[in-house]
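This briefing concerns the surroundings of a bound ligand, arranged by topic for a reader who has the sequence and the coordinates at hand. Please look first at the place where the ligand sits, and then at the residues around it.

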Amino acid sequence: MNTFLLEIVTPEHLVFSKQVNSLVVRGVEGELGILPGHIPLVTPLQVAPLSVKVNGETITIAVHGGFVEVHKDKVTVLAESAELPKDIDLERAEAARERAQRRLQTRSKQDEIDHRRAELALQRAVTRIKVSAGKGQQ
Ligand code: ATP
């Protein structure tokens with residue numbers, strides 16, 4: 001059987017748990033494709049869509065930071081939050097995107113921390129909008 005178990009876990013719940021054929025994640029060092037038998041590794045993830053192939057079908061999931069751990073027969077994604085397309089509230093994500101864009105435009109030079117927070121909020125919102133629209137495939 002040419003599959004491995006993928007589990008996507010957040011502090012709140014188990015978002016996804018299935019045998020899958022392959023997985024593509026955006027790690028901090030770039031895109032990473034994982035097939036069955038991949039060497040074990042642990043790497044931090046960016047805020048980005050993750051795409052997974054199950055029986056020839058591609059599913060995208062919004063993953064907000066965290067880590068991927070590749071074990072022999074199992075891959076675990078531990079993320080601060082993660083949503084399947086059907087669970088994304090598009091209006092909420094659009095409102096979050098506008099709020100973040102406003103903050104980025106009106107910031108003063110002193111508040112670098114707020115700027116970083118707004119950038120991350122914008123990335124989360126854009127990732128949710130892409131995944132919700134079915135455009136998260138890499
Ligand atoms: P917002 O400003 O709208 O709260 P956020 O990016 O600050 O967005 P997070 O802190 O990443 O939100 O997430 C908090 C919780 O809300 C998580 O459980 C996350 O899955 C959920 N969540 C956030 N935005 C959405 C959305 N647009 N649709 C569905 N669930 C969402």
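In this predicted model, the space that the ligand takes up is the largest pocket. The shell around the ligand draws on both domain 1 (4-85) and domain 2 (89-137), with at least three residues coming from each.

**Composition of the shell**
- The residues around the ligand are Glu12, Ser81, Glu83, Asp87, Ile88, Asp89, Arg92, Ala93, Arg99, Arg124 and Arg128.
- Sorted by character, the shell around the ligand holds 8 charged residues, together with 2 nonpolar and 1 polar.

**Secondary structure elements that contribute**
- At least two residues of the shell are supplied by each of β10 (81-83), α1 (90-106) and α2 (112-132).
- The largest share of the shell, amounting to 3 residues, comes from α1.

**Polar contacts and burial**
- In the side chain of Glu83, an N or O atom is 2.6 Å from an oxygen atom of the ligand.
- Glu12, which also belongs to the residues around the ligand, has a polar side-chain atom that lies 2.9 Å from a ligand oxygen atom.
- For Arg92, a polar side-chain atom is likewise placed 2.9 Å from an oxygen atom of the ligand.
- Besides these contacts, the protein buries 70% of the 590 Å² that the ligand exposes when it is taken alone.

Methods
Residues numbered from 1 in each chain as written. Predicted model: local features only at pLDDT ≥ 70, side-chain atom pairs only at ≥ 80, totals over all residues. Heavy atoms only, no water. Near = heavy atom within 4 Å. Polar contact = N/O pair within 3.5 Å; in protein donor to acceptor, adjacent residues only side chain to side chain. Areas by Shrake-Rupley, 256 points an atom, 1.4 Å probe, with all protein chains shown as cover. 1 Å grid on protein atoms, 1.4 Å probe; cavity = no way out; pocket = protein on both sides within 12 Å on 5 of 7 lines; lining within 4 Å. Sits in = over half its atoms within 2 Å of the grid points. Helix = DSSP H or I, 4+ residues; strand = E, 2+ residues; numbered from the N terminus. Nonpolar A, V, L, I, M, F, W, Y, C, P; charged D, E, K, R; others polar. Domains from an automatic or database assignment.
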